[in-house]
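Subject: The structure, and what turned up in it

Hello,

Here is the structure for you to open alongside this message. My notes on what was found in it follow below.

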Amino acid sequence: MSGCIMARFLSLGSNSGERGDGSLNYARGVAVSSDNKIWVADQNKARLQVYSMEGVYLYQFPRGAPGLGYPSKEPRDVSIDRDGHLWVLMSGYPASPDSLVQFGRDGHLQAKFDLPDTVPGQSYTGMAVDLRNNRILVTWSDGIKGGMQAFNPDGKLLWSDVGRAWIKAPKYVAVDREGNSFVSDYGTHSIYKYDASGRYVSKFGGPGLSGGRLNRPQGICVDSQSGHIVVVDSNNQRVVVYTSQGAYVRHIALRIAHPRGVAVGQRGELVVANKNTIFVFARY
C-alpha cells in the first residue's frame, strides 16, 4: 500500500518565533516531546533546534547556554527519556571521544559521560532511550562492522554486542514498550531486532525496491500508539511501516531527497528529516 496520506506538509526553517532564522545545516536526528514539539540534532550546530508541529521555529536549545555540554563536539542524535529529559549523542571525531549528555527541559545539564573507545576507528551513530528504565542504547560502527551498547544514565556500561548477528553499518536504533530494540543497518539493507538483554532475535527488510524490502535504511522509530516500527527507506525515498515482528504493513512515498531521521507525533503526525528540512505529514 502506497501512502501519500497527507493533509499537511510543512518545510520547517522559514518561520521564526525567536531571534535566529531556524535554518538547518545538517539535521541528523529528530524526536518529538510529549507537548508535540520537534527537537532536531543539527550536526553542524552546537545546539538543538526546536520547532512547533505547525512549522514555526521556536528556539535553539539550551537557551542562554554556550552549548550542549561539549562546545567542541557535534550533536549526532537526540532522544527523550520517560521523565522528559533530553539525551543527545555528541560526536567528538576525530579529536576526542564521543559522548552522551542529558538536559532537563529547563536547559540545565543533568549528566554527561564519554563513550568507550574500544574499537579502532569506532564512531557512534545513533541512540535511543528505553522508556521502561531510562537505559540508553547506542549503535556504533568502525566502517566495516558495527554493534550496539547499553548504558545506565550514570554512564555504566551494561552490555556490549551480545547479539551474534553480523551488523555491517548500523545507523539508528529504536526501542519498543517491551524493551526490544531495532537497529537499521545501512550496509545490509536490513532491520535487526534484539530483546531487552541485547540478544539477537531476528532481522527483516533486506535489499530491494518495493514492499517490505529496503535500500539503505536510516532513521527508525516506534509508534507508541500502534507499536509499529517506522523506517526511513532512504534510497527508495519512502517510509516503510512494519509490525514489531517484522511483517510489512504499508509504505509512505516521500519524494524527498536523502531522507534520514524520523519520529511520530503525539497525534499521529509523521515527521521526517533530510539534511536541511523537516517535513511533517498530518497522518500516515
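One term first: two strands are said to pair if DSSP finds at least two bridges between them. By that rule, strand E15 and strand E16 (residues 181-185) pair in the antiparallel sense, over 4 bridges. Please keep in mind throughout that this is a predicted model.

**The sheet that starts with E15**

Since E15 has come up already, let me stay with it. Of the 6 residues in E15, 5 are buried, so the strand is mostly covered. Two of the contacts across to E16 are easy to find: Pro 170 sits opposite Asp 185, and Ala 174 has Phe 182 as its bridge partner. In the hairpin that E15 and E16 make, 5 residues lie between the strands, and Gly 179 there takes a positive phi near 90 degrees.

These two strands belong to an open sheet of 4 strands, ordered E15-E16-E17-E18 and paired antiparallel. Which strands stand at its edges? They are E15 and strand E18 (200-205); each has a single partner strand, so one side of each is left without a neighbour in the sheet. On average, neighbouring strands here are turned by 20 degrees against each other, direction ignored. As you look along any of these sheets, it may help to recall that side chains in a regular strand alternate between the two faces of the sheet.

**The sheet that starts with E7**

Another open sheet of 4 strands runs in the order E7-E8-E9-E10, again with antiparallel pairing. E7 and strand E10 (109-114) are its edge strands, each pairing on one side only. For this sheet the average turn between neighbouring strands is 20 degrees, direction ignored. E7 and strand E8 (residues 86-91) are joined in the antiparallel sense by 6 bridges, and Pro 75 stands opposite Met 90 in E8.

**The largest nonpolar core**

E7 and E8 also contribute to the largest nonpolar core, which has 16 residues. Its members that touch the most others are Trp 39, Leu 48, Phe 61, Val 78, Leu 86 and Val 88. Two or more residues each come from strand E4 (38-42), strand E5 (48-51), strand E6 (56-61), E7, E8 and strand E9 (99-103). The biggest contribution, 3 residues, is from E8.

In the loop between E4 and E5 you will find Lys 45. Is Lys 45 buried or partly exposed? Its relative accessibility is 23%, so Lys 45 counts as partly exposed. The C-alpha atoms of Lys 45 and Leu 24 are separated by 8.5 Å, and the two residues are 21 apart along the chain.

**The largest pocket**

How much space lies in the largest pocket? About 900 Å³. Its lining comprises 42 residues, and those nearest its centre are Val 32, Ser 79, Ile 80, Leu 131 and Val 222. The elements giving two or more residues to the lining are:

- strand E3 (27-32) and strand E7 (74-80)
- strand E11 (123-130) and strand E15 (170-175)
- strand E19 (217-222) and strand E23 (261-264)

E3 gives the most to this lining, with 5 residues. By class, the lining residues of the pocket divide into 19 nonpolar, 12 polar and 11 charged.

**The cavity, and a hairpin beside it in these notes**

The count of cavities of 30 Å³ or more comes to 1, and the largest cavity has a volume of about 80 Å³. Among the residues lining it are Asp 130, Arg 132, Asn 133, Arg 135, Ala 150, Trp 159, Gly 179 and Asp 195. By class, the lining of this cavity has 4 nonpolar, 4 polar and 4 charged residues.

Gly 179 is the positive-phi residue from the hairpin of E15 and E16. Ala 150 and Trp 159 also line the cavity, and they stand opposite each other, Trp 159 being in E14. Strand E13 (residues 146-151) and strand E14 (residues 157-160) pair in the antiparallel sense over 3 bridges. Their hairpin has 5 residues between the strands, and Gly 155 takes a positive phi near 95 degrees there.

If you want a place to start, you could open the lining of the cavity and locate Ala 150, Trp 159 and Gly 179.

Best wishes

Definitions and conventions
Residues are numbered from 1 along each chain as its sequence is written. This is a predicted model: local features need pLDDT of at least 70, side-chain atom pairs count only at pLDDT 80 or more; totals for chains, interfaces and linings use all residues. Side-chain values use heavy atoms; hydrogens and water are left out. On a 1 Å grid over the protein atoms alone, a cavity is a set of points where a 1.4 Å probe fits but cannot get out, and a pocket is an open set with protein on both sides within 12 Å along at least five of seven lines; lining residues have an atom within 4 Å of a point. Grid points are joined across faces, edges and corners, and a volume is the space filled by probe spheres set on the points. Ala, Val, Leu, Ile, Met, Phe, Trp, Tyr, Cys and Pro count as nonpolar, Asp, Glu, Lys and Arg as charged, and the others, Gly among them, as polar. Axes are lines fitted to C-alpha atoms, for helices over the stretch in contact, and angles run from 0 to 180 degrees between N-to-C directions. A nonpolar core is a set of buried Ala, Val, Leu, Ile, Met, Phe, Trp, Tyr and Cys residues joined through side-chain atoms within 4.5 Å. Buried means under 20% relative accessible area, exposed over 50%, partly exposed in between (1.4 Å probe, protein chains only).
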